[in-house]
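Biologist: I'd like a close look at a single part of this one, please. Pick a residue, start there, and work outwards until I can see how the rest is put together.

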Amino acid sequence: SGAGATKTFNFKLVLLGESAVGKSSLVVRFVKDQFDDYRESTIGAAFFTQVVPVDDQTTVKFEIWDTAGQERYKSLAPMYYRNAQCAVVVFDITQEASFEKAKTWVKELQRQADPDIVIALVGNKNDLTSRRAVPAEEAQAYADEAGLLFQETSAKTGANVGDLFKAIAKKMPLDS
Ligand code: GDP
């Protein structure tokens, strides 16, 4: 037909995870398709929007909150994930502790956030496989058990970053 209008669905998305795992870099890769090795840490919260076409009739628009500094000011986090329909919990595949921290965030979200929140677990920096500390199978098994999407990405090369947000978009409720 081609005559139908495209419907746009807006969702608030937050990024959580230990400092330096690449949260801001992932957002910049997704929104601007850029990467900067020497990026300054974000102060406060940065706000971005990006659209993802799902099919001919449907577009998802993410309102992305990069909650910089929430690692240091943990008490601020609930303010960010309140009203969020999706959360991206990021760890660094070369840092075991960041994976443990990610699991803590998942538990907090599953207790405190909207019960319908879509959570994606992301193992970032998968361009650094020679320094890998978290096996992909282990993270995948945890994600399956906890009911999360899982993707390994590289904000540096751009690998899987588009796929990650596309997978989240497809999981969102798109029929209301
Ligand atoms: P944030 O504190 O979680 O927002 O992390 P940043 O986005 O500030 O990234 C922390 C550091 O890791 C920066 O030096 C980035 O350039 C680097 N970084 C981020 N993503 C990647 C990645 O996918 N691969 C590599 N090799 N480095 C990355």
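Modeller: Sure, let's start at Glu63, which lies in strand β3. Bear in mind that this is a predicted model. Is Glu63 buried, exposed or partly exposed? Its relative accessible area is 26%, and buried would need a value under 20%, so Glu63 counts as partly exposed.

Now for its company. Leaving out residues up to four places away in sequence, Glu63 touches Asn10, Phe11, Lys12 and Leu13, and also Phe47, Phe48 and Thr49. For a feel of the distances, take Val14: 49 residues separate it from Glu63 in sequence, yet the two C-alpha atoms are 8.4 Å apart. That fits the protein as a whole, where 73% of the contacts between residues at least 6 apart in sequence join residues at least 24 apart.

From there we can step into the interior. Phe62 and Ile64 are among the residues with the most contacts inside the largest nonpolar core, which has 28 residues. Leu13, Cys86, Phe165 and Ile168 are the others in that group. Which elements feed this core with at least two residues each? They are β1 (7-17), α1 (23-32), β2 (46-55), β3 (58-66), β4 (86-92), β5 (118-124) and α5 (161-171). Helix α5 gives the largest share, five residues. In soluble globular proteins, nonpolar side chains do tend to be buried together.

Cys86 is a good spot to see this core from. Not counting neighbours within four places in sequence, Cys86 is in contact with Phe11, Lys12, Leu13 and Val14, with Phe62, with Ile117 and Val118, and with Ile168 and Met172. Apart from this core lies another one, of 25 residues, including Ala84, Ile93, Val106 and Ala139.

Next, follow β4 along to Asp92, which is found in that strand. Asp92 counts as buried because its relative accessibility is 4%. The side chain of Asp92 makes a polar contact of 2.8 Å with that of Thr94. Beyond four places in sequence, Asp92 touches Ala20, Val21, Ser98, Asn124 and Lys125.

Ala20 leads us on to the ligand. Of the 19 residues around the ligand, Ala20 is one of those that come nearest, along with Lys23, Ser25, Asp127 and Ala155. Three of these names are worth zooming in on. For Lys23, a polar side-chain atom lies 2.8 Å from an oxygen atom of the ligand. With Ser25, an N or O atom of the side chain is 2.6 Å from a ligand oxygen. Ala155 uses its backbone instead: a polar atom there is 2.8 Å from an oxygen atom of the ligand.

One more stop, at β5. This strand pairs with β6 (residues 149-152) in the parallel sense, over four bridges, and Gly123 stands opposite Glu152 in β6. To get from β5 to β6 the chain passes through helix α4 (residues 136-146), and this β-α-β crossover is right-handed.

Zooming out, the protein has five helices and six strands. From the N terminus on, they run β-α-β-β-α-β-α-β-α-β-α. Buried residues make up 45% of the 176 in the protein, Asp92 among them, while Glu63, where we began, is partly exposed.

Technical notes
Residues are numbered from 1 along each chain as its sequence is written. This is a predicted model: local features need pLDDT of at least 70, side-chain atom pairs count only at pLDDT 80 or more; totals for chains, interfaces and linings use all residues. Side-chain values use heavy atoms; hydrogens and water are left out. A nonpolar core is a set of buried Ala, Val, Leu, Ile, Met, Phe, Trp, Tyr and Cys residues joined through side-chain atoms within 4.5 Å. Buried means under 20% relative accessible area, exposed over 50%, partly exposed in between (1.4 Å probe, protein chains only). Contact means heavy atoms within 4.5 Å. Two strands pair if DSSP finds at least two bridges between them. A crossover is right-handed if, with the strands pointing away from the viewer, the path from the first strand over the helix to the second runs clockwise. A residue is near a molecule or strand if one of its heavy atoms lies within 4 Å of it. A polar contact is a pair of N or O atoms within 3.5 Å; within protein, one must be able to donate a hydrogen and the other to accept it, and residues adjacent in sequence count only if both atoms are side-chain atoms.
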